[in-house]
Number of protein chains: 2
Amino acid sequence: MASEIFEIPDMLARQIDAVGTYWNAGRRLEEDRIRGIVTCARGTSDHAATFFKYLMETHAGLPVASIGPSVASVYGSKLRLEGFACVSFSQSGTSPDLARLQGAAKAGGARTIAILNAADSPLGEGADMVLPVLAGPERAVAATKSFVGMLFASLAILAGYRQDRDMKAALEELPGLALQALDLDWSSAAIPLARSGSLYCVSRGPGLAVAAEAALKFKETCRLHAEAFSAAELFHGPVAIVRERFAVLFFGARGSAESSLDEAMKVLRNRGACVLLAHPDRERASLAMPCSRHEAFDPLVQSVGFYRFVERLARDLGEDPDAPPGLKKVTKTV
Amino acid sequence: MASEIFEIPDMLARQIDAVGTYWNAGRRLEEDRIRGIVTCARGTSDHAATFFKYLMETHAGLPVASIGPSVASVYGSKLRLEGFACVSFSQSGTSPDLARLQGAAKAGGARTIAILNAADSPLGEGADMVLPVLAGPERAVAATKSFVGMLFASLAILAGYRQDRDMKAALEELPGLALQALDLDWSSAAIPLARSGSLYCVSRGPGLAVAAEAALKFKETCRLHAEAFSAAELFHGPVAIVRERFAVLFFGARGSAESSLDEAMKVLRNRGACVLLAHPDRERASLAMPCSRHEAFDPLVQSVGFYRFVERLARDLGEDPDAPPGLKKVTKTV
């Protein structure tokens, strides 16, 4: 896992060389005047799909439905998707339920795009267009670089959809930012998180993708029960279990989401929670992160810093992050 | 909370008297040949939206996108929803972020339908069509009857969409089934759940709505950290924290989803987990539930039995389920 995390900057550099592939796919979605998007994914890759969903909804105004693969694989639904695109996200491209959903989407009239690390796979063969993640072989059970690569692909697709050349150019800063993120010291978070019986990861908007991914990685690699919420959803019930010393890891945002995150942190601190904040503003952050030109890039940078941190934490807890008991690298569900 | 749970059978009887309202709304969606649906909801009502999403995707083949209210309220996105319907779910109809999202959906071309307990509310005023839940005033912080009423409305909308008169007729058995569900004895589950440091609620397909709602109620009323997963998603990482005596509450399904739930229970039992199953087949169930004619009704019946159970558990744990500390009945988020 650690060696794959350190490969992230090089992967991003390869993706920049191939950025035209993602850009053209985004432009094509715009030219085809698609009416909406459905996504098809599981696990970590599904969190990348969440990032893509927020990007396309907030910056392109397109509705994005995350469809449970069971809708096709268990219930055999005939989807009606004329004028839609189906975007699949997968590292291995082999889980049968994903192939079933992609097939049902195609049969229902959707154009299918697969964002895959292993392009040569059943999902890749069934897709109208394959966008390779270029992470190289990923062997650790806990996916890391492939997730970051899917976030990059999502950003580049959005840039192409909007024909936003400034955003495309700004993507070039990401390998350098990832390199800085690998060097961050979040060790002060280790003990508060480890002693919290369970914990929350919180963000808002596109950052929710990283909060969800962090919660999954805490489970997979550290065997800590973490759950992700938006800073708004938190107050529709989940805040009830936040007591003294309950740890909450915030993936901060800049711009319009910032005030709602600030408000949430204040309430949680008043309940005695241990609040940790990853934010590019060093005055505010308890966990540092480098500052990117685009606030839309923050979740990608946060995920790199988090992966570096959680891998160490897992080892300090006596776990084996490379091979968590009971998990397989390639999970095939039906 | 307890008194409101006991009002559920009467509420369902009122909904049956008004079933034409929901049926006509469903028929209208079909006649208008809508291309897709977006939902707008928070908290417990958002779990009802999840039920509606699975119903419409599996039985009508329509894509349903759950859009985070922040897309409108924080990011000010201009949604493009020509040919879509926006269906909002809310008890009070007052959270400003929901009104913002509904407004953005309407501005983007969607027809707006609001399923509300308080029809006379900002959400109701802004909607093209209001479908009242008819639960009567709900005062307990933890919503119960309004959730069940939203599941009923979802089933009746689907029946109308499909012009399924058999399903419409079958709805009439629900008040009786709810009455039986209020009489179930799930007390054997109390101690295993209470001693589990944290726990999972698991189902598949439409049952996921009840698993998610149960997880929220465990937090809100019992201050137990429970998280919901599909039986497939569980194996893409979350299973890692399941050790000896970890409690997992399954909301069972009949038909095509049954084998995947069976397989998941087997794996979890092999890890030493304490697996509890609510299922209409008394031979298989550790937690009994009455058997409905339609498997699509099972989640509604399960939710009634669960509410009865969790309210008692909260009191046995020394909590006050009517007024959990730090929560308000009407949560207004922006």
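Let me begin with F306(A), which at 2% relative accessibility counts as buried, and I should say at once that what we are looking at is a predicted model. Its partner F251(A), at 0% relative accessibility, counts as buried too.

Over all chains, the count comes to 21 aromatic pairs. In the one I want to show, the ring centres of F251(A) and F306(A) are 6.0 Å apart and their planes stand at 75°, so this pair is edge-to-face. Because F251(A) belongs to strand β8 (residues 247–251) of chain A while F306(A) belongs to helix α14 (residues 298–316) of chain A, the pair ties together parts that are 55 residues apart in sequence. Both rings belong to one aromatic cluster, whose members include F147(A), W186(A) and Y307(A).

Another ring to look at is W23(A), where the charged end of K168(A) sits over the ring, 4.4 Å from its centre; in chain B, the charged end of K168(B) sits over the ring of W23(B), 4.4 Å from the centre.

Turning now to the interface, chain A and chain B bury about 5,500 Å² between them, with 54% of that on carbon and sulfur atoms. Of the area that chain A buries against chain B, Y75(A), R80(A) and H236(A) supply 12%, more than any other three residues. The contact draws 68 residues from chain A and 68 residues from chain B.

As for the polar side, there are four salt bridges across this interface, and between E233(A) and R42(B), which form a salt bridge, the closest N and O atoms are 3.1 Å apart. Finally, among the elements of chain A, α4(A) gives the most to the side that touches chain B, namely six residues.

Methods:
Residues are numbered from 1 along each chain as its sequence is written. Chains are lettered from A and ligands numbered from 1 in the order in which they are written. This is a predicted model: local features need pLDDT of at least 70, side-chain atom pairs count only at pLDDT 80 or more; totals for chains, interfaces and linings use all residues. Side-chain values use heavy atoms; hydrogens and water are left out. Rings of Phe, Tyr and Trp (its six-membered ring) pair if their centres lie within 6.5 Å; planes under 30 degrees apart count as stacked, over 60 as edge-to-face and the rest as tilted. Helices (H or I, at least four residues) and strands (E, at least two) are DSSP runs, numbered from the N terminus. Buried means under 20% relative accessible area, exposed over 50%, partly exposed in between (1.4 Å probe, protein chains only). A charge sits over a ring if NZ of Lys or CZ of Arg is within 6 Å of the ring centre and within 35 degrees of the ring normal. Contact means heavy atoms within 4.5 Å. Buried area is the accessible area (1.4 Å probe) that two parts lose on being put together, summed over both. A salt bridge is a side-chain nitrogen of Lys or Arg within 4 Å of a carboxyl oxygen of Asp or Glu.
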